Amino acid sequence: MSRARIPSAVVALAVGTALLAGCSDGKASAAPELPPSTCFGVFTPAELAPFMGTGDEARVDSPGDLRLTAGRTKAICNIDVDGKPRWTASAERRPAGQEVTWGSEVEKHDPDELPYAGNSRLWDSGAAVVLGCTGPTESFDLTLFIDAVPDGLKQEQRRPAFAALMKKFMESAKQQTRCGA
């Protein structure tokens, strides 16, 4: 059995962030506008609002879907506000049965396991899960990852929010990748 490591670039957490405030007239700027559906068509602006902070411009870098195949094995959605990272969601299709090593970047945050997924981690600024999938022609593992700046949420709201968002991400990813088809 080979060992797969969640890439540190994917796991790297946004640290030391502050609220982005406008200074032109002494008033804080508003949250930037997001497309009606973003990050692979999974998340709505209302769901992502607590992670966007304030600013003038949001830049979304994401493919339109999660239709991962043997040839297209990874999809990443990044959202920056005024050039600062606020949200990352990724999905990666891997050969079935690879051992998962979460790495110190996740484990240092004293993660819990998601209540609905065995091979998972949940922490105050993100969540990750590995799903075993049976596709139409082959089996594969699907690794899903969310990391964000949760400064729009109170401390006690963070893990429940990430757990709910990961559950939605899992359901959409299963459907789009034909996991369980």
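How many aromatic pairs does a search of the whole structure find? The search turns up 6 of them, and they make a handy thread to follow through this fold. Please keep in mind along the way that you are looking at a predicted model.

Let's start with the overall layout. The chain holds 4 helices and 8 strands, and reading along the sequence gives the order β-α-α-β-β-β-β-α-β-β-β-α. Of its 181 residues, 45% count as buried. Among contacts with a separation of 6 or more, 62% join residues that sit 24 or more positions apart. On the outside, the chain exposes about 9,100 Å², with carbon and sulfur atoms supplying 51% of that area.

Now back to the rings. One of the aromatic pairs is made by Phe-43 and Phe-169, whose ring centres are 5.7 Å apart. Their planes meet at 55°, and the pair is classed as tilted because edge-to-face is kept for angles over 60 degrees. Where do the two partners, Phe-43 and Phe-169, lie? Phe-43 belongs to the loop between helix 1 (8-11) and helix 2 (45-52), while Phe-169 is part of helix 4 (residues 155-177), so this pair ties together parts that are 126 residues apart in sequence. Are the two rings' residues buried or exposed? Phe-43 has 0% relative accessibility and therefore counts as buried, the cut-off being under 20%. Phe-169 is buried too, with 0% relative accessibility.

A second tilted pair brings Trp-123 together with Phe-145, at 6.0 Å centre to centre and 40° between the planes. This pair also links distant parts of the chain: Trp-123 comes from strand 6 (residues 120-123) and Phe-145 from strand 8 (residues 139-148), 22 residues apart. Both Trp-123 and Phe-145 are buried.

Phe-145 is worth a little more of your time. This strand 8 residue has a relative accessible area of 3%, so Phe-145 falls under the 20% cut-off for buried. Its C-alpha atom is 6.5 Å from that of Ala-91, although the two residues are 54 positions apart along the chain.

Aromatic residues also gather in a group. Which residues form one aromatic cluster? They are Phe-40, Phe-43, Phe-51, Trp-87, Phe-162 and Phe-169, so you will recognise Phe-43 and Phe-169 from the tilted pair that joins a loop to helix 4.

Finally, look for a ring with a charged neighbour. The charged end of Arg-93 sits over the ring of Phe-140, 4.0 Å from the ring centre.

How values were computed. Residues numbered from 1 in each chain as written. Predicted model: local features only at pLDDT ≥ 70, side-chain atom pairs only at ≥ 80, totals over all residues. Heavy atoms only, no water. Helix = DSSP H or I, 4+ residues; strand = E, 2+ residues; numbered from the N terminus. Buried < 20%, exposed > 50% of the residue type's maximum accessible area, 1.4 Å probe, protein only. Contact = heavy atoms within 4.5 Å. Areas by Shrake-Rupley, 256 points an atom, 1.4 Å probe, with all protein chains shown as cover. Phe/Tyr/Trp six-rings, centres within 6.5 Å; stacked < 30°, edge-to-face > 60°. Lys NZ or Arg CZ within 6 Å of the ring centre and 35° of its normal.
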